[in-house]
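Student: I have a model open and would like to learn how to read it. Can we go through it feature by feature?

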Amino acid sequence: MRCPMCRVSSQGQDVYQTEHQRKPLSPFAQSSGSRKVGGGGGAAALSGSGMCRAACSRRQAPWGNTGTGFPGNGSDEVLAFCFQAFFDPERPILFADITYTFYAVYTDYFGLKAWQIPLDEDFSLPVERFCKAENCGGVVIANPNAPTGRSVDLEDIRRVLEEHRDVVVLVDEAYVDFGGVSADTLLKEYDNLVVVRTLSKSRALAGLRVGYALGSPNLIAGLCCVRDSINSYTVDRLAQAGAVAALEDGPYFEEMRERVIRTRERTEERLRAMGFAVLESKANFLFVSHPKRTGKALLDGLREQGILVRWFDRPRIGNYLRISVGTDDEMDALCAALKALTEG
């Protein structure tokens, strides 16, 4: 089945892993690995259909469990398949100038064109410019955005979908569980919407490499066309077992998610009190700058104390650091180190 929209039949390291990622897997997820990894299932199991049923159920996908979910070997693989499947090489893709760097990488790799629209001065998404762009070949929005952590209102996503009905609008929700609002509630209304998610962040499964897309049956069929032309079985049974268990373990997920959010908010308040400019974040990291110290100077000073953060040697954000949210003790150590660097 060929999808009608388908063309086919960084520097530095995080300061710490997120608190959720550093925690062990939930007992339910750990025990599930031994219970579910064995046995049969054949091609259906290896293609990830069980995992997608769990994902669709958790996200209340509007078309039920058939043809609406697509699993991949991490969301990066799913994004790569989306770029290959959905975007017209003769018309530019729209995405922000400051966003996930792989969008530009995939654009170049697959021979596509891009129009990188500058974020506003406060690093918010210029929704009006996205809506007014003519003759584009697709739209990609990270929500919340990386590395800024800023989120986009659901109604603004709807506006973009309305203005670009004839192309695919991809919403990358890698960090949405830390305070954003998912666009999956719009799937029933817009058959040109694809929502891409990962289990590497809020579900603590980065090592298993599991991501998925939600979309209309036609778009999911397009992704299957691309995947199956390369390798039909990119998500192994162990990864699927861990993914299904993590998706089903709601109480543990909520506990860890809320803990990360509380630590983020606590750290944000402390950094502001120290004179830092801190963008409002809906992700598991903070994007900060200081009026008296450059980003590079802070990066080097923290590194000397064994604390690693991300710094981007790029226009507009060269004085900012992206700081991942760790445990309370880790963030206390970070704040103490930054206080010494900025007051010295």
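Student: How much surface does the protein expose, and what share of it do carbon and sulfur atoms supply?

Tutor: Keep in mind that this is a predicted model. The protein exposes about 14,500 Å², and 48% of that comes from carbon and sulfur atoms.

Student: What percentage of the residues count as buried?

Tutor: A residue counts as buried when its relative accessible area is under 20%. Here 54% of the 344 residues meet that mark.

Student: How many helices and strands are there?

Tutor: The protein has 13 helices and 11 strands.

Student: How should I read a sheet, and what is the strand order in the one with seven strands?

Tutor: Strands of a sheet pair through backbone hydrogen bonds, in a parallel or an antiparallel sense. In this structure, the seven-strand sheet is open, with the order 1-7-6-5-4-2-3 and mixed pairing. Its edges are strand 1 (69-72) and strand 3 (114-117); each has a single partner strand, so one side of each lacks a neighbour in the sheet. From one strand to the next, the twist averages 20°.

Student: In which sense do strand 2 and strand 4 pair?

Tutor: Strand 2 (residues 93-96) and strand 4 (residues 138-142) are parallel and share two bridges. To find the place in the viewer, look for Ile 93, which stands opposite Gly 138 of strand 4.

Student: Which strands does helix 6 touch?

Tutor: Helix 6 (residues 102-109) packs on this sheet and touches strand 2, strand 3, strand 4 and strand 5 (169-172). The direction of helix 6 makes about 155° with that of strand 2. Helix 9 (residues 217-228) lies across strand 1, strand 6 (193-198) and strand 7 (211-215), at about 30° to strand 1.

Student: What is the order of the four-strand sheet, and which strands stand at its edges?

Tutor: The four strands form an open sheet in the order 8-9-11-10, with antiparallel pairing. Strand 8 (277-278) and strand 10 (310-311) are the edges; each has a single partner strand, so one side of each is left without a neighbour in the sheet.

Student: How many bridges join strand 9 to strand 11?

Tutor: Five bridges link strand 9 (residues 285-289) with strand 11 (residues 320-324), and the two run antiparallel. One pair to look for is Ser 289 with its bridge partner Tyr 320 in strand 11.

Student: Which helices pack on this sheet?

Tutor: Helix 11 (residues 250-273) touches strand 8 and strand 9, with its direction at about 10° to that of strand 9. Helix 12 (residues 295-304) touches strand 10 and strand 11, and its direction makes about 40° with that of strand 11.

Note on methods
Residues are numbered from 1 along each chain as its sequence is written. This is a predicted model: local features need pLDDT of at least 70, side-chain atom pairs count only at pLDDT 80 or more; totals for chains, interfaces and linings use all residues. Side-chain values use heavy atoms; hydrogens and water are left out. Two strands pair if DSSP finds at least two bridges between them. Contact means heavy atoms within 4.5 Å. Axes are lines fitted to C-alpha atoms, for helices over the stretch in contact, and angles run from 0 to 180 degrees between N-to-C directions. Buried means under 20% relative accessible area, exposed over 50%, partly exposed in between (1.4 Å probe, protein chains only). Accessible areas come from the Shrake-Rupley method with a 1.4 Å probe; for residues, only the protein chains shown count as cover.
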